[in-house]
Amino acid sequence: MIYVVATLTVKPEMRAELIAAAKACIAETRKEPGNIAYDLHESVTESSKMVFVEQWENAEALEPHRKAEHMKTFGRVAVTCFAAPPKIEIITPANVVTR
């Protein structure tokens with residue numbers, strides 16, 4: 001099993017736009033083979049912080065997700081919404097890789 005935790009810092013004025021784009025991406029991602037869970041959480045203490053928590057059967061299932069059209073569409077919107085680069089942690093039983 002593999003987990004991905006992506007922490008986003010969003011420009012306040014772009015928050016609604018990011019959430020709207022994320023909803024479409026989440027719906028499609030949940031249909032992908034190998035996806036167990038894919039959720040977006042909003043911080044209750046910092047309105048600019050959002051966290052995607054993903055659970056995948058294995059690393060092989062994650063690869064097609066990165067190249068999926070709905071991810072590309074979300075990425076084009078998300079990049080305009082970020083106030084800082086996202087922090088992405090890939091968590092496996094062997095280690096945690098941060099990008």
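How many bridges pair β1 with β3, and in which sense? I looked this up at the outset and found 8 bridges, in the antiparallel sense. I note that the model is a predicted one.

**Entry 1. Overall composition**

I began with the secondary structure, which comes to 3 helices and 5 strands. Reading from the N terminus, I recorded the order of elements as β-α-β-β-α-α-β-β. I then checked the overall dimensions. The C-alpha atoms fill a box of roughly 35 × 25 × 20 Å along the principal axes. The radius of gyration is 13 Å, which agrees with the value near 13 Å for a compact globule, because the protein has 99 residues.

**Entry 2. The sheet**

Next I traced the strands across the sheet. I found an open sheet of 5 strands, with antiparallel pairing and the order β2-β3-β1-β4-β5. The edge strands are β2, residues 35-42, and β5, residues 96-98; each of them pairs on one side only. From one strand to the next, the twist averages 15°.

**Entry 3. Pairing on the β2 side**

I went through the pairs in turn, starting from β2. Strands β2 and β3 run antiparallel and are joined by 7 bridges. Within this pair I located N35, whose bridge partner in β3 is W56. The connection from β2 to β3 is a hairpin through 6 residues. Moving on to β1 and β3, I noted that V4 stands opposite E54 in β3.

**Entry 4. Pairing on the β5 side**

I then turned to β1, residues 2-10, and β4, residues 82-91. These strands run antiparallel, with 7 bridges between them. I wrote down two positions here: Y3 has I91 as its bridge partner in β4, and V5 stands opposite E89 in β4. I followed E89 further and found that E89 also stands opposite T98 in β5. Strands β4 and β5 pair in the antiparallel sense over 3 bridges. They form a hairpin, with 4 residues between them.

**Entry 5. Helices on the sheet**

Which strands does helix α2 lie across? I found that α2, residues 59-67, lies across β1, β2, β3 and β4. Its direction is at about 130° to β3, the strand of residues 49-56. Helix α3, residues 69-81, packs on the sheet as well, touching β1, β2, β3 and β4. The direction of α3 makes about 135° with that of β4.

**Entry 6. The largest pocket**

Finally I examined the largest pocket, which holds about 380 Å³ of space. How many residues line it, and which lie nearest its centre? I recorded a lining of 19 residues, with A6, E54, H65, M71 and I88 nearest the centre. One of these, E54, is the residue I had already listed opposite V4.

I asked which elements give two or more residues to this lining. They are β1, β3, α2, α3 and β4. The largest share comes from α3, with 6 residues. By class, I entered 13 nonpolar, 2 polar and 4 charged residues for the lining.

**Closing note**

I keep two points together for reference. Helix α3, which touches β1, β2, β3 and β4, also gives the largest share of the pocket lining. Strand β1 pairs with β3 over 8 bridges and is joined to β4 by 7 bridges.

Terms used: Residues numbered from 1 in each chain as written. Predicted model: local features only at pLDDT ≥ 70, side-chain atom pairs only at ≥ 80, totals over all residues. Heavy atoms only, no water. Pairing = 2+ DSSP bridges. Axes fitted to C-alpha atoms, helices over the stretch in contact; angles between N-to-C directions. Contact = heavy atoms within 4.5 Å. 1 Å grid on protein atoms, 1.4 Å probe; cavity = no way out; pocket = protein on both sides within 12 Å on 5 of 7 lines; lining within 4 Å. Points joined across faces, edges and corners; volume = space filled by probe spheres on them. Nonpolar A, V, L, I, M, F, W, Y, C, P; charged D, E, K, R; others polar. Rg over C-alpha atoms; globule rule 2.2 N^0.38 Å.
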